[in-house]
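Colleague: I am new to this structure and would love a guided close look at one part of it. Could you start with the overall picture and then zoom in?

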Amino acid sequence: MASSRTGQHPGDTGHRGHVHGDAHGHSHEDDCDHAQERAAQAPQALAAAEALCERLGARLTPIRREVLETLLATHRPMGAYDLVEDLARRHERRMAPITVYRALDFLLEHGLIHKLATQNAFVACPHQHAADELVIFLICESCGGVDEISSPELSAAMQGIRRKARFTPRAEVIEITGLCGHCGAKA
């Protein structure tokens, strides 16, 4: 379970989302499929973020880039204060939380990260989906890992529901909690 303030999970060391063993005694970050997939996606996702910012004439400042790199380094959500602490360890000085919040706002605005409302935490978005595309987060209650998926079929169904209700969403996100395949196999 996440703590309400930081989004940390059992076994979380606080270091860039790396885990030295969770409540079930396994090192999830290093050996699960979605952790390895996220690590493999990180360089391409960072290059895509840089290209997007260049196309839009937006600046991916060093702080914004570091926040994004930190989130890309893990498949687990991180709260703003987790990011402040992680950056402080690397820079040997504490950054003002408002600086991290501004970086998060920029990254959210440009679709480079997502905010998980249920955890008040952030995850990188290594996928290049449309801004109006429905995003589904599968959140593991055991290890804290988050997988992001999208479904054109579900998007179309939701669009029909919204149209019928004459509802205009600000954001379209579904968060589903349970056990990831890795933790389910270990249970």
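Colleague: To get me oriented, how many helices and strands are there in the protein chain? After that, please take me closely through helix H5 (residues 97-109).

Modeller: Happy to! Please keep in mind that this is a predicted model. The protein chain holds seven helices and five strands. Read from the N terminus, its elements follow the order α-α-α-α-α-β-β-β-β-α-β-α. The protein chain has 187 residues, and 43% of them count as buried. Among its contacts with a separation of 6 or more, 56% join residues that are 24 or more positions apart.

Now to H5 itself. This helix has 13 residues, and at 1.5 Å a residue they should span 18 Å. The C-alpha atoms at the two ends of H5 are indeed 18 Å apart, so the expectation and the model agree. Within H5, the buried residues are Val100, Ala103, Leu104, Phe106 and Leu107. Around the helix axis they cover an arc of only 160 degrees, which means that they sit on the same side of H5. If you turn to the face of H5 that points away from this buried side, you will find the exposed residues Arg102 and Glu109. Just after H5 comes Gly111, which takes a positive phi of about 70 degrees.

For some context, look at the pair formed by helix H3 (residues 62-72) and helix H4 (residues 80-91). In general, two packed helices are described by the angle between their axes and the distance between those axes. H3 and H4 pack at about 110 degrees, and their axes are 11 Å apart. Because of that angle, H3 is roughly perpendicular to H4. From H3, the contact is made by Glu66, Val67, Thr70 and Leu71, while H4 brings in Leu83, Asp86, Leu87, Arg90 and His91.

Finally, you may wonder about the cysteines. A search of the whole structure finds zero disulfides. Cys143 is in no disulfide, and the nearest cysteine sulfur, which belongs to Cys140, lies 3.6 Å away. A disulfide would need the two sulfur atoms within 2.5 Å, so this pair does not count as one. Cys143 is buried, with a relative accessible area of 2%. Cys53 is buried too, and its relative accessible area is 2%.

To come back to your helix, the picture of H5 to keep is a side with buried residues, including Phe106, and a face turned away from it that carries Arg102 and Glu109.

Methods:
Residues are numbered from 1 along each chain as its sequence is written. This is a predicted model: local features need pLDDT of at least 70, side-chain atom pairs count only at pLDDT 80 or more; totals for chains, interfaces and linings use all residues. Side-chain values use heavy atoms; hydrogens and water are left out. Helices (H or I, at least four residues) and strands (E, at least two) are DSSP runs, numbered from the N terminus. The expected span of a helix is 1.5 Å times one less than its number of residues. Buried means under 20% relative accessible area, exposed over 50%, partly exposed in between (1.4 Å probe, protein chains only). The arc is that of the directions from the helix axis to the C-beta atoms. Axes are lines fitted to C-alpha atoms, for helices over the stretch in contact, and angles run from 0 to 180 degrees between N-to-C directions. Angles under 35 degrees count as roughly parallel, over 145 as roughly antiparallel, 65 to 115 as roughly perpendicular and the rest as oblique. Contact means heavy atoms within 4.5 Å.
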